[in-house]
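I sat down with this structure and kept short notes as I went. Here they are, in the order in which I looked things up.

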Amino acid sequence: MEDATVEEAEVSGAAEFAPALVAAHPLGHSVAVAVGSELRVFDLKDGSAVSLSDDSGGGSHSDAIRALSFSMNGLLFASAGDDKLVKVWKTDSWCCIQTITSEKRVSAVAISNDGLYVTFADKFGVIWLVNVGQSDGGQGSTDNKPVPIFGHYCSIITSMKFSPDGRFIATADRDFKIRVTLFPKNPLRGAHEIQSFCLGHTEFVSCIAFTCLSQGPSFLLSGGGDSTVRLWDYINGCILDTCQIQDKVGELLEPNETEDSNLAIADICPTNDGSLVAVAIQSLNGVMLLACDFIAKKLSFIKVCLFG
Amino acid sequence: MTRGDGTNGGGGGQQQQQQGARKLPRKRFYRARAHSNPLSDSHFPIPISPDEVDLSQHYPRYFPAGEDEGRDGDAMAPRIRFADVGCGFGGLLVGLSTLFPDTLMIGMELRDKVTEYVKERILALRASNLGKYDNISIVRTNSMKYIPNYFRKAQLSKMFFLFPDPHFKEKNHRRRVISMTLLDEYAYVMEVGGIIYTITDVEELGEWMRSCLEKHPLFEAIPEEEIKEDPVVKLLSTATEEGQKVARNGGQTFQAIFRRISLQEE
C-alpha cells in the first residue's frame, strides 16, 4: 500500500499550538498521529485503534510532540517533543521500549536504517545519538546516554532523515540550510565529515525526504517557507529542479490567503517507488501531487486534491 | 540572491584617478566596541550559496564588473583561497596580500564599523599602491553561521583565527569560534592539506583550541619544523593590532596550527 504521508500544519490562531503530525508505517501497517501531547496509532490491517503500552519506566508524553519517525523497515518508531523526552517504540506490540531524556526540547528525530541508533535534535541545533536498548528490557542502562555527534550552530533543526543506503544523514534548519553528513560505522565518535550542503532555499527549510528508485539513483527532496519544493543531487550539493508552488495553488485560495507565509510547505512525502511526491501546504485544505522524473531529474505538477 | 550594497570591497572607479588623494581611514572615526553578539540575527545580506558571492564587488581587478556575467561560475576563474575569520582591522590581510600577491583572500568580520574601516583601508591602499592589494577584501558576516554560504567544499587552503573572543564563562563556551561543531564546517570548506592557524594570548583558550583540533578527526598537528619554515606564522603575532598590543605588554601567545587531513577509514 502506498504511503501518502502528509503533515497537516493546522496552526489555528495563536502560534503556540503545535501542528498535528502524521506518520505512516513504511509497509502500510499503521498510521501514527500526534495531536499536542497525545499519540494515537491506528492499525490499518485490523482497522482498529491501537492501545499503547510502556515498558521503559516512563509515562506518556506530557507536552507537545514535535517529531515522529518510523524506522526504514517499520520495526521501530520514535516520538519526541517539548517534554524533552524521546520515546522509542516497537511497532509489533506498540510498546515503548526506551525513553531517553534530552537536556533541551527536541525538534526532530530519526532512526538509523539498521535500527541500532536513534538520533534527535535539540533546540540549540545539536544532534544527539543514542543506542537503541537491547531487547532484554534494559531499563536505565548506564551506557545508554545520548552523545552529541554534530550540530547546526544555533539553528533549529526542522527535519532529519537517513539516506536509503544508510551512508548519510541529512538535516535541515530554519536558517535555509540543508547539511548532508556521512554517517560513520561507529557513529558514537561523532559524524564530522560533511558530504555537502544543499543551499538554495530562500526561507526556512521545513521538511526533507530522500526519494529513490529501487536499486537506482536517489535524490533529496526539500520543502520550505519560500513555497518551493526542490530536488537535489545530495552527493554534490547541486540543485536539480525547483518547483514553485505559488503558481499552482494561487487560484485555489482566497486572495487574502495567498501571502507568502501562508504558502509555506508544511511537509513532503515521496511514494515508496519514488514516482510521486505528496506535498502539504500551509493554508491549503488538501494535498498537492508532484511527479518525480529520475531520468530527466525534474519535478512536475500533477494535481491538487482538495479535502471535503 | 544577495542584496549587496555597492560599497563592498572596491568598485570605486573614479577615485583611482586621484592618485594618493585617498587617505587611509582614521580609526577614531570608526569607533567600535570589542564585542558583538554572534548569536543575534543581524540584518546584513547573506549569499544564498557560494555561487551568489559577487566576486566583482570584492576584487574588481580580477573580475571586472559587467564583463561576462557567467564568470563567477567559471571553473577556471580564480577563487578565494584564504579566509581570515574575525579579521578585525585587517592587519593580517594587508600583511598576507604582498606575501601571496596572486592569491585571493577575504576577511570576515561581524562588527559594522570595523568592516567599514577595513573597506576604506583597502581602497586607500589600492589607490596609493597601484597594482597591489587588489587581492584582499572584507565582508561583514557571521562566520559562525554562514561559512558554507561563502565557500564551496574544499575551496580554502588557509583559514585564520587570530585572537578570538575567549568567552570565559563556561556557559558561553559554545560561542567560541573554534569548537568541535564548527570544525566540521571549517574542515568542509578547506581542502585536504590546507592549514588552519589559531593564536591567542589567553592560555585557557589556547588549550581549548588545541584540544578541539586534536580531538577532531579531520585535523592533525603540523610538526614544529614545518611551522618554523612557514612564512605566514610570524604574521600571526605581529601583523594585527591585537598581536602588536600583546607584544607591547610582553604577553605570551599560544598557537595551534593544524593541517586538514582526509578521514582515515577503519
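**Notebook: the annotated active site**

I started from the record: the unreviewed UniProt entry puts its "active site" feature at Asp165(B). I kept in mind that I am reading a predicted model.

Where in chain B does Asp165(B) lie? I found Asp165(B) in the loop that runs between strand 4 (156–162) and helix 5 (180–189) of chain B.

Buried, partly exposed or exposed, I asked of Asp165(B)? Its relative accessibility is 28%, so I noted Asp165(B) as partly exposed. I also looked for a polar partner of the Asp165(B) side chain, and the backbone nitrogen of His167(B) lies 3.1 Å from one of its polar atoms.

**The annotated binding site**

Next I went back to the record for the "binding site" annotation, again from an unreviewed UniProt entry. The residues that it covers are Gly86(B), Glu109(B), Leu110(B), Asn142(B), Ser143(B), Leu162(B), Thr240(B), Glu241(B) and Glu242(B). I picked two of them for a closer look.

Glu109(B) came up in strand 2 (residues 104–109) of chain B. With a relative accessible area of 4%, against a cut-off of under 20%, Glu109(B) is buried. Which residues does Glu109(B) contact once neighbours within four places in sequence are left aside? My list reads Gly86(B), Cys87(B), Gly88(B), Val114(B), Thr115(B), Ile138(B), Val139(B), Arg140(B) and Thr141(B). Gly86(B) is thus a contact of Glu109(B) and is also covered by the "binding site" annotation. I added one side-chain pair: Glu109(B) and Arg111(B) are joined by a polar contact of 2.9 Å.

Ser143(B) sits in helix 4 of chain B. Its relative accessibility is 8%, so Ser143(B) goes down as buried. Leaving out residues up to four places away in sequence, I have Ser143(B) touching Val85(B) and Met108(B).

**The fold of chain B**

I then stepped back to chain B as a whole. I have 9 helices and 7 strands in my notes for its secondary structure. Of its 266 residues, 50% count as buried. Among the chain B contacts with a separation of 6 or more, 80% are between residues 24 or more positions apart.

I chose helix 2 (residues 91–99) of chain B to see what its buried residues do. Gly91(B), Leu92(B), Leu93(B), Val94(B), Leu96(B) and Ser97(B) are buried there. What do the buried residues of helix 2 of chain B pack against? I noted strand 1 (80–85), strand 2, helix 3 (112–128), strand 3 (136–140), strand 4 and helix 8 (233–238) of chain B. Strand 2 is where I had placed Glu109(B), and strand 4 is at one end of the Asp165(B) loop.

**Where chain B meets chain A**

On to the two chains. I found 24 residues of chain B in contact with 22 residues of chain A. The two chains bury about 2,000 Å² between them, 59% of it on carbon and sulfur atoms. In chain B, Ile48(B), Lys145(B) and Asp184(B) lose the most area to chain A, together 26% of what that side buries.

How many salt bridges are there between chain B and chain A? I have 2. One that I looked up joins the side chains of Arg179(A) and Asp184(B), at 3.1 Å from N to O. I also noted 7 residue pairs in polar contact between the two chains. Helix 4 (143–150) and helix 5 of chain B are the elements that give two or more residues to the side touching chain A. Helix 5 of chain B gives the most, with 6 residues.

**Inside chain A**

Last, I looked at how chain A is divided. The domain assignment gives domain 1 (1–199) and domain 2 (207–308). In chain A, 24 residues of domain 1 are in contact with 24 residues of domain 2. The area buried between these domains is about 2,000 Å², and carbon and sulfur atoms give 66% of it.

I counted 0 salt bridges between domain 1 and domain 2 of chain A, but 5 residue pairs in polar contact. On the domain 1 side, strand 14 (157–162), strand 15 (168–173), strand 16 (177–182) and strand 17 (194–199) of chain A each supply at least two of the residues touching domain 2. The largest share of that side, 5 residues, comes from strand 17 of chain A.

Definitions and conventions: Residues numbered from 1 in each chain as written. Chains lettered and ligands numbered in written order. Predicted model: local features only at pLDDT ≥ 70, side-chain atom pairs only at ≥ 80, totals over all residues. Heavy atoms only, no water. UniProt positions renumbered as here; feature names shortened; annotations may be inferred. Helix = DSSP H or I, 4+ residues; strand = E, 2+ residues; numbered from the N terminus. Buried < 20%, exposed > 50% of the residue type's maximum accessible area, 1.4 Å probe, protein only. Polar contact = N/O pair within 3.5 Å; in protein donor to acceptor, adjacent residues only side chain to side chain. Domains from an automatic or database assignment. Contact = heavy atoms within 4.5 Å. Buried area = accessible area lost by both parts, 1.4 Å probe. Salt bridge = Lys/Arg side-chain N within 4 Å of Asp/Glu carboxyl O.
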